[in-house]
Amino acid sequence: MVTKLYRINAYHPDNWLINDVENVNEDNINVVKSLAKENSKGVIARVFDDTSYQKFVRVGFKLVRTTYFAQLLSENQGAVSDVFNVAQLDDNQQQQLLQKLKQYYENVHQINPASPNINYRRLTFDDSSFDEQHSIVRVDNHHITAAILVFEDGQNYEIGWTFGDNNKILLALWQSFQSIFPEKSLISGEFDDTDRQAMAVYQEFDWHETMPCQLTMLWH
């Protein structure tokens with residue numbers, strides 16, 4: 001069935017996602033493209049190898065984003081003032097954080113636009129893996145100016161999102177962030193080259209890649 005060749009991403013409804021990118025053939029890709037065009041949709045393929053990359057190039061897809069997967073060993077970098085963990089935020093501050101997350105998320109996903117209906121509280125505070133103790137924000141004059149949002153699975157810490165009013169404030173928060181973990185804790189993250197602030201964090205610290213880059217390719 002044609003519907004097995006793609007899936008719909010409710011968070012990014014403008015584009016369909018190709019399934020099984022390594023094995024799907026060019027004829028079936030073209031079938032999905034035709035159907036997507038009839039529905040005023042684009043098509044996205046996320047690939048990890050050059051063979052798949054070249055296949056999608058041949059059928060008209062263009063590279064729009066490269067994602068790096070990496071880990072960092074935490075180091076004691078010293079504390080920074082005006083830093084709070086998310087568990088300390090009151091209701092108004094939580095709402096402010098969610099609004100800044102929404103603005104950040106929409107800004108870095110302009111190529112594949114985010115749905116205006118995303119429930120950001122469900123993605124954070126209502127998620128059982130959201131780590132409110134290790135997720136931290138910087139607050140200046142009652143305003144949140146930077147954030148690092150963490151999800152935890154056992155002893156594994158993964159960065160969900162990190163953003164700030166500017167790179168200097170964000171990188172300062174990251175210096176403090178490493179100090180709240182036991183020495184040499186492993187912190188994982190994904191870094192899109194379309195996200196300038198995430199890439200600043202990736203370039204500033206001693207991250208080690210854990211898997212091949214993901215290439216996001218778009219046809220529309």
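This report describes the fold, the cores and a few individual residues of a predicted protein model.

## Overall build

The protein has 6 helices and 10 strands. Its C-alpha atoms fill a box of roughly 55 × 35 × 30 Å along the principal axes. Of its 220 residues, 48% count as buried. The exposed surface comes to about 11,700 Å², and carbon and sulfur atoms supply 45% of that area. Contacts reach far along the chain. Taking contacts with a separation of 6 or more, 72% join residues 24 or more positions apart.

## The sheet

The strands form an open sheet of 10 with mixed pairing. Read across, the order is β1-β2-β3-β10-β4-β9-β8-β7-β6-β5. The edges are β1 (6-8) and β5 (83-85), and each of these pairs on one side only. From one strand to the next, the twist averages 25°.

At one edge, β1 pairs with β2 (residues 15-18) in the antiparallel sense, over 3 bridges. Here Arg7 stands opposite Leu17 of β2.

Helix α5 (residues 167-179) lies across several strands: β4 (62-73), β5, β6 (136-140), β7 (143-153), β8 (156-164) and β9 (186-192). Relative to β7, the helix runs at about 40°.

## The cores

Which residues touch the most other members of the largest nonpolar core? They are Ile148, Trp174, Phe177, Phe191, Val201 and Trp207, out of 24 residues in that core. At least two core residues come from each of β4, β7, β8, α5, β9 and α6 (196-204). Helix α5 gives the largest share, with 6 residues.

Apart from this core lies another, of 22 residues. Its members include Val86, Leu123, Ile144 and Trp161.

Ile148 shows how residues from distant parts of the sequence meet. Beyond its neighbours within four places in sequence, Ile148 is in contact with His134, Ser135, Ile136, Ile159, Trp161, Thr162, Leu173, Trp174 and Phe177. Among these partners, Trp174 and Phe177 are also on the list of core residues that touch the most other members. Trp161, another partner of Ile148, is a member of the other core.

## Helix α6

The buried residues of α6 are Gln197, Ala198, Met199, Ala200, Val201 and Tyr202. They pack against β4, β8, α5, β9 and β10 (208-219). At the start of the helix, a side-chain oxygen of Asp195 reaches to within 3.2 Å of the backbone nitrogen of Gln197.

## Four residues, buried to exposed

The table sets out four residues by location and relative accessibility.

| Residue | Location | Relative accessibility | Class |
|---|---|---|---|
| Asn15 | strand β2 | 7% | buried |
| Asp20 | loop between β2 and α1 | 48% | partly exposed |
| Glu22 | loop between β2 and α1 | 56% | exposed |
| Asn141 | loop between β6 and β7 | 71% | exposed |

Why does Asn15 count as buried? Its relative accessibility is 7%, and the cut-off for buried is under 20%. The side chain of Asn15 makes a polar contact with the side chain of Asn112, at 2.6 Å. Setting aside neighbours within four places in sequence, Asn15 is in contact with Gly42, Val43, Ile44, Ile111, Asn112, Pro113 and Leu218.

Glu22 counts as exposed because its 56% is over the 50% cut-off. The loop that holds Glu22 runs between β2 and α1 (26-38). Outside its neighbours within four places in sequence, Glu22 is in contact with Asp49, Ser52 and Lys55. From Glu22 to Ala146 the C-alpha to C-alpha distance is 38 Å, with their positions 124 residues apart in sequence.

Asp20 and Asn141 bring in backbone geometry. Most residues other than glycine have a negative phi. Asp20 has a positive phi, near 50°. Asn141 likewise has a positive phi, near 50°. Which class does each residue fall into, by relative accessible area? Asp20 is partly exposed because its 48% lies between the 20% and 50% cut-offs. Asn141, at 71%, is exposed.

Key. Residues are numbered from 1 along each chain as its sequence is written. This is a predicted model: local features need pLDDT of at least 70, side-chain atom pairs count only at pLDDT 80 or more; totals for chains, interfaces and linings use all residues. Side-chain values use heavy atoms; hydrogens and water are left out. Two strands pair if DSSP finds at least two bridges between them. Helices (H or I, at least four residues) and strands (E, at least two) are DSSP runs, numbered from the N terminus. Axes are lines fitted to C-alpha atoms, for helices over the stretch in contact, and angles run from 0 to 180 degrees between N-to-C directions. Contact means heavy atoms within 4.5 Å. A nonpolar core is a set of buried Ala, Val, Leu, Ile, Met, Phe, Trp, Tyr and Cys residues joined through side-chain atoms within 4.5 Å. Buried means under 20% relative accessible area, exposed over 50%, partly exposed in between (1.4 Å probe, protein chains only). A polar contact is a pair of N or O atoms within 3.5 Å; within protein, one must be able to donate a hydrogen and the other to accept it, and residues adjacent in sequence count only if both atoms are side-chain atoms. Accessible areas come from the Shrake-Rupley method with a 1.4 Å probe; for residues, only the protein chains shown count as cover.
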